Amino acid sequence: MAEPILRVRGLVKHYPLTTGVLFGKQVGAVRAVDGVDFDLARGETLGIVGESGCGKSTVARMLVSLEKPTAGEIRYKGEDVTRLSGRALKAVRRNIQMVFQDPYTSLNPRMTVGDIIGEAYDIHPEAAPKGDRRRRVRELLDVVGLNPEYVNRYPHQFSGGQRQRIGIARGLALRPEIIVADEPVSALDVSVQAQVINLMGRLQDEFGLSYVFIAHDLSIVRHISDRVAVMYLGRIVETGTDTEIYDHPTHPYTQALLSAVPVPDPEAREHRERIILAGDVPSPANVPSGCRFRTRCWKARERCAREVPVLAVPEALRHTAGPAAHDSACHFAQEAVAAGRSAPQVAPSGEGGTVPG
Ligand code: ADP
């Protein structure tokens with residue numbers, strides 16, 4: 001396999017918990033990201049999915065060097081970005097750009113669209129000669145499907161979908177190789193979401209981009225992702241090609257998330273079981289021992305409290321699924337494969353369970 005454009009290993013971000021704002025004693029840590037590994041191949045889209053608070057944005061901010069990891073490596077073309085500073089770091093940052101979630105708050109309302117998109121050239125003047133910037137900005141507007149004549153307008157003069165197009169144009173200004181998109185369509189109407197996702201797909205082909213696409217909903221990333229990583233409480237619990245994850249999930253958390261995805265076909269909807277998870281997500285400041293999903297898992301047994309499950313391909317899939325095609329961090333992934341890799345078991349009463357969807 002060719003070297004991935006991005007290789008993440010053992011990525012950790014802990015925020016200290018202190019007794020007071022100033023001079024407080026550290027009494028613990030919020031384990032926002034707690035040991036994340038993944039590869040991103042060139043030209044590929046990796047979807048990262050999980051409930052709010054599981055650490056997705058923190059991963060995103062570390063990938064674009066907005067935040068320093070507590071531990072771990074982020075290798076961009078083999079070089080560990082977390083160890084770079086100064087000019088070397090700036091050069092890498094140019095190639096890994098972010099598209100933010102909320103197009104209403106991430107665009108400065110007092111700047112024209114032209115200045116918002118062109119601001120990247122003030123930070124990286126080497127990316128475009130001064131005399132050429134205006135032309136490039138207009139070209140970027142055209143590329144994202146907006147009229148280049150709008151260059152002097154302000155953000156409030158655009159709809160939500162158009163604003164996200166402006167955010168994408170800004171992300172493209174420096175011709176990056178990787179775009180980290182943090183819930184880029186979550187704030188948009190459903191009808192507009194598909195348009196923006198289609199646009200991102202087209203831009204990926206046109207510019208050979210690699211995407212890390214973050215969402216809290218498995219249905220959103222399905223159409224754009226080649227591979228999906230499911231996060232829970234700071235860790236990846238299951239990862240695989242989109243077919244493996246959507247058609248043959250082996251981790252109970254993925255099965256639960258999938259059971260909540262809307263199904264358009266009424267007949268399929270009737271036969272489907274909706275899994276209701278017991279309780280709330282534990283605090284990342286107080287992570288359960290062993291498998292961190294066990295407190296909400298209907299399959300949990302004694303072993304789950306003792307042993308941390310390793311993210312690995314289940315034995316039964318080792319020969320059918322290629323390398324990195326499907327990894328699961330569940331002690332009982334093997335059983336899920338044996339059970340036809342789909343149907344979840346019914347939970348004991350009072351501890352979450354399945355109900356008709
Ligand atoms: P997601 O993007 O999946 O919603 P986040 O990465 O935003 O999750 O947050 C993960 C966890 O880390 C949450 O519990 C959040 O409250 C915590 N967190 C994020 N940023 C900070 C911070 N600067 N200080 C303390 N805790 C933080």
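Reader: How many residues does the largest nonpolar core have, and which of them have the most contacts inside it?

Author: One thing up front: you're looking at a predicted model. Its largest nonpolar core counts 65 residues, and the ones with the most contacts inside are Ile117, Val144, Ile168, Leu172, Leu203 and Leu218. Domain 1 (6-17 + 28-216) and domain 2 (250-338) both contribute residues, so this core lies between the two.

Reader: What makes a set of residues a nonpolar core?

Author: Two things have to hold: the residues are buried ones from a list that includes Val, Leu and Ile, and they are joined through side-chain atoms within 4.5 Å. In soluble globular proteins, nonpolar side chains tend to be buried together.

Reader: Which residues does the second, separate core include?

Author: That one has 31 residues, among them Leu46, Ala60, Tyr76 and Ile178.

Reader: And Leu218, which residues is it in contact with?

Author: Skipping neighbours within four places in sequence, Leu218 is in contact with Val49, Val228, Ile245, Tyr246, Thr254, Leu257, Leu258 and Val261.

Reader: How many residues of domain 1 are in contact with domain 2?

Author: Eight residues of domain 1 are in contact with eight of domain 2. The C-alpha centres of the two domains lie 30 Å apart.

Reader: Why is Arg292 called buried?

Author: Its relative accessible area is 10%. Buried means under 20%, so Arg292 earns the word. You'll find Arg292 in the loop between β11 (273-277) and α11 (302-306).

Reader: What does Arg292 touch?

Author: Not counting residues up to four places away in sequence, Arg292 touches Arg31, Asp34, Tyr232, Leu233, Arg235 and Val287. With Leu233 there is a polar pair too: a polar atom of the Arg292 side chain lies 2.8 Å from the backbone oxygen of Leu233. The cut-off for a polar contact is 3.5 Å, and 2.8 Å falls within it.

Reader: Is Gly160 buried or exposed, and how do you know?

Author: Same reasoning: the relative accessible area of Gly160 is 9%, and under 20% means buried. Gly160 lies in helix α5 (residues 160-172). It touches Pro103, Tyr104 and Leu188, leaving out residues up to four places away in sequence. Gly160 and Pro103 are 57 residues apart along the chain, yet their C-alpha atoms are separated by 6.5 Å.

Reader: What makes Lys77 partly exposed, and Arg175 exposed?

Author: Lys77 has 39% relative accessibility, while Arg175 has 55%. Exposed means over 50%, and partly exposed is the range between buried and exposed, so Arg175 counts as exposed and Lys77 as partly exposed. Lys77 lies in the loop between β4 and β5, whereas Arg175 is in the loop between α5 and β7 (178-182). Neither is a glycine, but Lys77 has a positive phi of about 50° and the phi of Arg175 is near 50°.

Reader: Why is one side of β2 and β5 left without a neighbour in the sheet?

Author: Four strands form an open sheet in the order β2-β1-β4-β5, with antiparallel pairing. β2 and β5 (79-80) stand at the edges with a single partner strand each, so one side of each has no neighbour in the sheet.

Reader: How do you know that β4 and β5 pair?

Author: Count the bridges: two join β4 to β5, and two strands pair if there are at least two bridges between them. One of the bridges has Tyr76 partnered with Glu79 in β5. Between strand β1 (residues 6-18) and strand β4 (residues 71-76) there are five bridges, with Arg9 opposite Glu73. β1 and strand β2 (residues 26-40) are joined by 11 bridges, and Thr18 has Gln26 as its bridge partner there.

Reader: What makes helix α1 mostly covered?

Author: Six of the eight residues of α1 (residues 56-63) are buried: Lys56, Thr58, Val59, Ala60, Met62 and Leu63. Just after α1, Ser65 takes a positive phi of about 60°.

Reader: Which residues are closest to the ligand?

Author: Of the 13 residues that surround the ligand, the closest are Gly53, Gly55, Lys56, Ser57 and Thr58. An N or O atom in the side chain of Lys56 is 2.9 Å from a ligand oxygen. Backbone N or O atoms also come in: one of Ser57 lies 2.8 Å from an oxygen atom of the ligand, and one of Cys54 lies 3.1 Å from a ligand oxygen.

Terms used: Residues are numbered from 1 along each chain as its sequence is written. This is a predicted model: local features need pLDDT of at least 70, side-chain atom pairs count only at pLDDT 80 or more; totals for chains, interfaces and linings use all residues. Side-chain values use heavy atoms; hydrogens and water are left out. Buried means under 20% relative accessible area, exposed over 50%, partly exposed in between (1.4 Å probe, protein chains only). A polar contact is a pair of N or O atoms within 3.5 Å; within protein, one must be able to donate a hydrogen and the other to accept it, and residues adjacent in sequence count only if both atoms are side-chain atoms. Contact means heavy atoms within 4.5 Å. Domain bounds come from an automatic or database domain assignment. A residue is near a molecule or strand if one of its heavy atoms lies within 4 Å of it.
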